[in-house]
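Let's take a walk through this structure together. Keep the viewer open as you read, and turn the view whenever a new part comes up.

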Amino acid sequence: MDWVTVAERLFDRGHDIVASGDLLSGVGQCGDTAFTVVGSTNHAEIGVELTLAMAKRVIETMRDHPGRPILFLIDTQGQRLRHRDELLGIHHYMAHLAQCVELARSRGHRVLALVYDQALSGGFLASGMMADLCAALPDAEIRVMNLAAMARVTRLPEERLTALAKTSPVFAPGAGNYVQMGAVDSLWDDDLAARLTAAFRDASPNDNRRELGRVRGGRRLAATIAERAATE
Amino acid sequence: MQSYYEATARERVAGILDAGSWREILPPTTRTLSPHLAALGLPAAFDDGVVIGSGTLDDLPVLLASQEGGFMGGAVGEIQGAKIVGLFERAKTQDIAGIVLLLETGGVRLQEANAGLIAVSEVVRAICATRVRGVPVVAAIGGKFGCFGGMGIAAGCCTRIIMSEEGRLGLSGPEVIETARGVEEFDSLDRALVWRTVGGKHRFLMGDCAILVDDRQAAFRAALARALRTGEDLSLTTVEHEQQLLETRLARFGAYGDGEEIWRDLGFDKPASVPLLATDALVALSEHVRAA
């Protein structure tokens, strides 16, 4: 689904979101609630410019609209793989965005995310994965990297990874596996405005993804080990 | 063991903390193994490549995690991530001066794919949340594998980063960029180029790392103690300031293609000599020219 359709279905009372290059930004009105919308489109490569632009919107929201919820609309092929971005310290830019999101959360902003197309590793860590609640459209693609590249880097046979991906949520791309593992709260396959309203109402500022992974069976050990590390 | 670079995760703990203060949490005897590696026919480790525990550093009570580069390049899997996140949970109930992270990692453990990515995300979030609560998180980077991938973002979220010249910090490693874009984009075998791009000196001059030290355990220890006593909390003022710094950096250096061009702009008349400078000489020369 393209971002225009997604925005229309999310914001039943209108929005002024615009795409400027790969950046999406604006305000959407869902029921009685206005959301700051920040995101990307065209399977954006997330480089230093886009990261800074997103952080700027989060900061402006904290400063000018205290308490207003923030929605990330995610469509990224991952971080930009360029020498220049590394030279400039892209990890620092992304860390800055992550910190802005955390600060917004601590100041009472609800932070939500919707993967409406594709989400890959680095491009997703500082935005959608920082949200109180991250949802996805059913056909969204979420993954670390493709299996061919993974086979190359790990020097494991691709056939073996492909076989494992059929049975294990750990290896298989796809939003459903991230639901099982607790990183995606739910798949939004019906009334998007109703889903957004419910998420705004129910999202918890505490990171409950390990617990969800345990309950849903896709990531059984993380919650137990973290508990033991915290208490033993 | 004098060299931080050469030391193992456990040797670093011994070199950094006050003698006799260390108490390991979930030690190898508890056999906290990765549940995913056996399916790939890969060996597991009883600590999953990270050592966590409590101790004192220059009399300051701290919680500490130390990654073992010798096990899968320090990459973060489900168990390793959960151990680190649990340590941050523990910090909520203890009166500590801060959390110390001795980072050596390629980031997400690809052999655990989705579980690794989610684990790294939980670590990033735990660091940010801890800082918001006013507890400093300080990181040291000076091992063979550097600090890359999502853990590069995690490092960037810390209150202070301490590096040695030998340390490397970035998001996508040179090999990853070369594989994706070709050797013309980034020649990962050109060691000098790699260090001019992600090495400790460049990171220090850019303001990505707060303290540059020699590759000695004692130097890292002293710098960590200093960092624990000087960090600031995360606030709207600090992120606004950071936004400005990063915008200025992009405007000033965004058109350059090499570290040397940036160093010249910073005021080094002979940028080619920067890699040859001793750490204290570089630090002294940089007093007035550092980007941040």
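The paragraphs below visit the interface between the chains, then one histidine, then a sheet.

Please keep in mind that this is a predicted model. A good place to begin is where the two chains meet: 62 residues of chain A are in contact with 71 residues of chain B. On the chain A side, several helices supply at least two residues each, among them α2 (48-64), α4 (90-106) and α11 (222-231). Which helix gives the largest share of the side of chain A that touches chain B? That is α4(A), with 13 residues. By residue type, this side of chain A divides into 36 nonpolar, 12 polar and 14 charged.

Now find A:H15, in the loop between α1 (3-10) and β1 (18-20) of chain A. Is A:H15 buried or exposed? A:H15 counts as partly exposed because it has 19 C-beta neighbours inside 10 Å, and a residue needs 20 or more to be buried. Leaving aside residues up to four places away in sequence, A:H15 touches A:A7, A:G26, A:V27, A:G28, A:Q29 and A:V37.

Over in chain B, 7 strands form an open sheet with mixed pairing, in the order β1-β2-β3-β4-β5-β6-β7. At its edges are β1 (23-25) and β7 (211-213) of chain B, each pairing on one side only. From one strand to the next, the twist averages 25 degrees. Look closer at β1(B): 3 bridges join it to β2 (residues 50-57) of chain B, and the two run antiparallel. Here B:E24 has B:G53 in β2(B) as its bridge partner. Finally, helix α8 (residues 217-230) of chain B lies across strands including β2 and β7 of chain B, running at about 165 degrees to β7(B).

Methods:
Residues are numbered from 1 along each chain as its sequence is written. Chains are lettered from A and ligands numbered from 1 in the order in which they are written. This is a predicted model: local features need pLDDT of at least 70, side-chain atom pairs count only at pLDDT 80 or more; totals for chains, interfaces and linings use all residues. Two residues are in contact if their C-beta atoms, placed from the backbone, lie within 7 Å. Helices (H or I, at least four residues) and strands (E, at least two) are DSSP runs, numbered from the N terminus. Ala, Val, Leu, Ile, Met, Phe, Trp, Tyr, Cys and Pro count as nonpolar, Asp, Glu, Lys and Arg as charged, and the others, Gly among them, as polar. A residue is buried if 20 or more other C-beta atoms lie within 10 Å of its own, exposed if 12 or fewer, and partly exposed in between; C-beta atoms are placed from the backbone. Two strands pair if DSSP finds at least two bridges between them. Axes are lines fitted to C-alpha atoms, for helices over the stretch in contact, and angles run from 0 to 180 degrees between N-to-C directions.
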